[in-house]
Amino acid sequence: MKKHLLILLSVLLVMPLGVAIAGGDAPEAEHQRWHFDGHFGTFDRAAQQRGLKVYREVCAACHGLKRIAFRNLEALGYDEGQVKAIAGEYTVEDGPDDEGDMFERPARPSDRFPSPFANENQAKSANNGALPPDLSLIIKARHHGPDYVYGLLTGYEEAPEGTTLLEGQHWNKYMPGHIIAMAPPVSDDQVTYEDETPQTVEQYSKDVVEFLAWASEPELEERKSTGIKVLIFLLAFAGIMYAIKKKIWASVH
Amino acid sequence: MGSSERTVFENPVVEWIDSRLPVFTMMQKEYGVFPTPKNFNYLWNFGAIAMFMLVTMIVTGIVLAMHYTADVTQSFDAVERIMRDVNGGWLLRYMHSNGGSFFFIAVYIHIFRGMYYGSYKQPRELLWILGVVIFILMMATAFIGYVLPWGQMSLWGATVITNLFSAIPLVGDSIVTLLWGGFSVDNPTLTRFFALHYLLPFVIFAVVFLHIWALHVTGSNNPLGLEPKTEKDTLPFHPYYTMKDSFGVVVFLLLYAYVVFFAPNMLGHPDNYIPANSLVTPAHIVPEWYFLPFYAMLRAITFDIGIPFTDIVIISAKLGGVITMFGSLLLWLVLPWLDTHPLRSARFRPLYKKLLILLVLDFIFLGYVGSQAADATLLGIPLSVFGLIATGLYFAYFIVILPWLSKNEKGRELPASIHEAVLAKNKK
């Protein structure tokens with residue numbers, strides 16, 4: 001019987017592997033070490049804050065973040081006043097007012113990040129026909145999301161000979177199909193960090209992934225810390241149940 | 001139900017109720033003293049585990065429904081709102097989405113147990129058939145549920161699978177229009193799927209009740225496949241199996257909790273975090289893992305079947321695939337009449353045992369085939385060739401091998417009784 005249980009267990013282990021499929025013909029992005037990896041992983045607050053800066057100064061020109069409210073930024077270590085200040089730098093459309101007109105006002109913590117384009121058609125027409133995706137879920141919406149986004153941001157290369165790129169097209173090692181409409185978004189020293197953190201494309205990319213990983217899974221820290229407690233409880237509970245079961249069955253065996 | 005003898009209870013309140021509606025007598029009879037073979041192994045836990053998962057799915061599902069909106073412009077956002085803004089919403093939603101997978105894991109093991117120990121054989125045929133009906137209902141419910149978050153895989157999975165019905169001659173197109181509530185998978189499809197996804201679990205619950213009722217008429221099978229003969233062969237269900245099942249459920253919960261808390265998206269597809277878009281088709285449309293073997297069988301038929309040397313097509317490749325896929329499940333319904341060997345348990349049928357393990361491996365391999373792109377290759381050979389061979393083996397197992405084994409396999413000698421077998425084992 002043990003042999004069959006082993007087979008069953010291997011079934012359970014193999015099943016999910018069968019589901020994981022590499023996307024397109026691009027190589028799988030190299031695995032990076034992330035602060036939020038592993039069972040005890042948490043977000044690196046400093047990297048998240050730097051990542052937010054990179055998002056605001058670079059990505060936000062084309063990419064929305066519409067599922068994130070400014071109030072959520074408190075999770076990055078900002079206090080209420082700082083969140084208010086960040087929100088205040090944005091204007092959002094509100095209304096209609098008593099006269100029935102829409103009006104603009106400074107954003108409040110309860111507002112969400114305004115998207116850079118009014119609608120998809122405007123976004124496409126401003127970007128050579130390509131739609132810059134909203135980044136709120138981008139890390140969860142790609143296989144091996146953190147590594148993929150990092151790979152994409154650092155994966156711009158000269159197109160191999162024989163590839164013809166149309167105007168507005170670029171060659172990226174990790175993009176499925178390799179042709180991408182987004183120009184290399186960031187260059188060294190483009191964003192000024194307030195501390196000694198190196199201002200390189202690699203560092204910017206790591207930081208923005210740290211920030212976007214949080215945007216995709218704001219519950220990650222709570223999920224993992226609760227998970228540890230749940231597993232410890234269930235292990236202890238299973239132990240007690242096994243002991244009682246053994247005691248009850250002692251007279252039968 | 002009311003005619004059988006009643007137990008007398010000391011507690012006056014219990015006695016008052018029981019003399020008017022004998023629920024306590026019934027519980028005492030069916031779950032208290034119910035004689036159960038004493039030699040179950042841990043594979044017998046998966047019935048209770050599946051029941052536990054069904055209840056978990058219904059409870060989490062009802063709470064999720066309180067926060068969900070079925071509307072193509074709002075469903076994706078509603079799910080994200082549950083994940084981000086509803087208290088404990090992420091936990092509920094991950095419990096529900098992974099709960100589907102773990103329900104299927106439990107049920108697949110439960111079905112395997114039934115096949116390995118011949119639990120479907122006389123007199124338990126109807127019990128088995130009700131089980132297959134539950135499995136088919138589960139597949140329908142899970143498929144419909146996957147559509148509700150309205151991500152890319154929701155939309156495109158629904159489009160591919162509902163389109164299958166159009167292969168049915170004459171009425172196919174009408175059935176598809178009825179399923180869609182229009183001419184493509186759209187808002188009417190989503191709203192009716194939500195209504196059905198709420199309804200079907202209760203239908204499953206009702207069939208589970210019949211399944212357990214039938215079980216309590218025939219009594220459980222056991223690893224030896226022998227009917228209990230004397231009281232020595234059985235134990236009262238409580239406390240022996242209530243305790244053993246509780247332990248099994250907690251161990252299963254450990255695995256389930258591990259995935260919910262540490263790999264909640266491992267079994268899902270990242271494309272379902274992209275809102276549904278009818279203008280963009282995903283590169284690979286793959287169903288959830290528990291459908292993959294059946295999906296592979298659906299895609300295995302890539303050729304029309306017709307009269308040779310003419311252009312007359314009797315069964316198109318599409319219809320052939322649909323017949324193959326549904327046929328693979330219908331075979332389970334008639335399994336008690338395909339395997340008529342007098343011995344139940346694979347323990348006493350060495351050849352059957354080996355071939356059943358091969359069937360399981362074949363089924364897993366089909367799952368792998370189903371997970372790959374339609375034009376994938378293995379060792380330089382198109383994967384669809386392997387898919388067709390594996391599908392052929394699956395059908396051969398049921399249609400050729402089982403009837404042949406029923407006639408020709410000799411089998412080993414059975415012990416005299418469950419009690420003696422247990423004693424002999426304990427001596428070792």
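**Exercise 1. Two helices of chain A**

Task: Find which residues of α2(A) meet which residues of α6(A), then describe how the two helices are placed.

Solution. Step 1: on the α2(A) side the contact involves A47(A), Q48(A), R50(A), G51(A), L52(A), V54(A) and Y55(A). Their partners in α6(A) are Q203(A), Y204(A), D207(A), V208(A), E210(A), F211(A) and W214(A). The model in which these contacts are found is a predicted one.

Step 2: sorted by class, the contact of α2(A) with α6(A) has 8 nonpolar, 3 polar and 3 charged residues.

Step 3: two packed helices are described by the angle between their axes and the distance between the axes. Here helix α2 (residues 45–57) of chain A and helix α6 (residues 201–216) of chain A have axes that come within 7 Å and cross at roughly 100°. The two helices, α2(A) and α6(A), are therefore roughly perpendicular, since angles of 65 to 115 degrees count as such.

**Exercise 2. The overall form of chain B**

Task: Describe the make-up of chain B and decide how its radius of gyration stands against the globule rule.

Solution. Step 1: chain B holds 16 helices and 6 strands.

Step 2: the radius of gyration of chain B is 24 Å, and the globule rule gives 22 Å for 428 residues. These values are close, so chain B is as compact as a globular protein of that length.

Step 3: along its principal axes, the C-alpha trace of chain B spans about 70 × 60 × 40 Å. Of the 428 residues, 54% count as buried.

Step 4: take the contacts in chain B between residues at least 6 apart in sequence; 78% of them join residues at least 24 apart.

**Exercise 3. Helix α6 of chain B**

Task: Check the length of α6(B) against the expected span, then work out how α6(B) packs with α12(B).

Solution. Step 1: helix α6 of chain B covers residues 125–147, which is 23 residues. At 1.5 Å a residue the helix should span 33 Å. The end C-alpha atoms are 34 Å apart, so the two values agree.

Step 2: of the 23 residues of α6(B), 17 are buried, and the helix is mostly covered.

Step 3: α6(B) packs with helix α12 (residues 317–333) of chain B at an angle of about 155°, the axes being 8 Å apart. The pair is therefore roughly antiparallel, as angles over 145 degrees are counted that way.

Step 4: W128(B), I129(B), V132(B), F135(B), I136(B) and M139(B) lie on the α6(B) side of the contact, and L329(B), W332(B) and L333(B) on the α12(B) side. This contact has 9 nonpolar residues, no polar and no charged ones.

**Exercise 4. Unusual backbone values**

Task: Locate two cis peptide bonds in chain B and two residues with positive phi that are not glycine.

Solution. Step 1: most residues other than glycine have a negative phi, and most peptide bonds are trans.

Step 2: a cis bond links Q122(B) to P123(B), with omega about 10°. P123(B) lies in the loop between α5 (89–116) and α6 of chain B.

Step 3: another cis bond runs from H238(B) to P239(B), with omega near 5°. P239(B) belongs to helix α10 (residues 237–262) of chain B.

Step 4: H144(A) has a positive phi of about 50°. H144(A) sits in the loop between α4 (120–126) and α5 (145–154) of chain A. Its relative accessible area is 47%, so H144(A) is partly exposed.

Step 5: L379(B) has a phi near 55° and lies in the loop between β5 (377–378) and β6 (381–382) of chain B. L379(B) counts as exposed because its relative accessibility is 76%.

**Exercise 5. Buried sites**

Task: Are P146(A) and S75(B) buried or exposed, and what do they touch?

Solution. Step 1: P146(A), in helix α5 of chain A, has 16% relative accessibility and so counts as buried. Leaving out residues up to four places away in sequence, P146(A) touches W34(A), F36(A), I139(A) and V209(A). P146(A) and Q32(A) are 114 residues apart in sequence, and their C-alpha atoms are 8.2 Å apart.

Step 2: S75(B), in helix α4 (residues 75–84) of chain B, is buried because its relative accessibility is 0%. With the same sequence neighbours left out, the residues S75(B) touches include Y68(B), L148(B), W150(B) and L190(B).

Technical notes. Residues are numbered from 1 along each chain as its sequence is written. Chains are lettered from A and ligands numbered from 1 in the order in which they are written. This is a predicted model: local features need pLDDT of at least 70, side-chain atom pairs count only at pLDDT 80 or more; totals for chains, interfaces and linings use all residues. Side-chain values use heavy atoms; hydrogens and water are left out. Helices (H or I, at least four residues) and strands (E, at least two) are DSSP runs, numbered from the N terminus. The expected span of a helix is 1.5 Å times one less than its number of residues. Buried means under 20% relative accessible area, exposed over 50%, partly exposed in between (1.4 Å probe, protein chains only). Axes are lines fitted to C-alpha atoms, for helices over the stretch in contact, and angles run from 0 to 180 degrees between N-to-C directions. Angles under 35 degrees count as roughly parallel, over 145 as roughly antiparallel, 65 to 115 as roughly perpendicular and the rest as oblique. Contact means heavy atoms within 4.5 Å. Ala, Val, Leu, Ile, Met, Phe, Trp, Tyr, Cys and Pro count as nonpolar, Asp, Glu, Lys and Arg as charged, and the others, Gly among them, as polar. The radius of gyration is taken over C-alpha atoms; the globule rule is 2.2 Å times the number of residues to the power 0.38.
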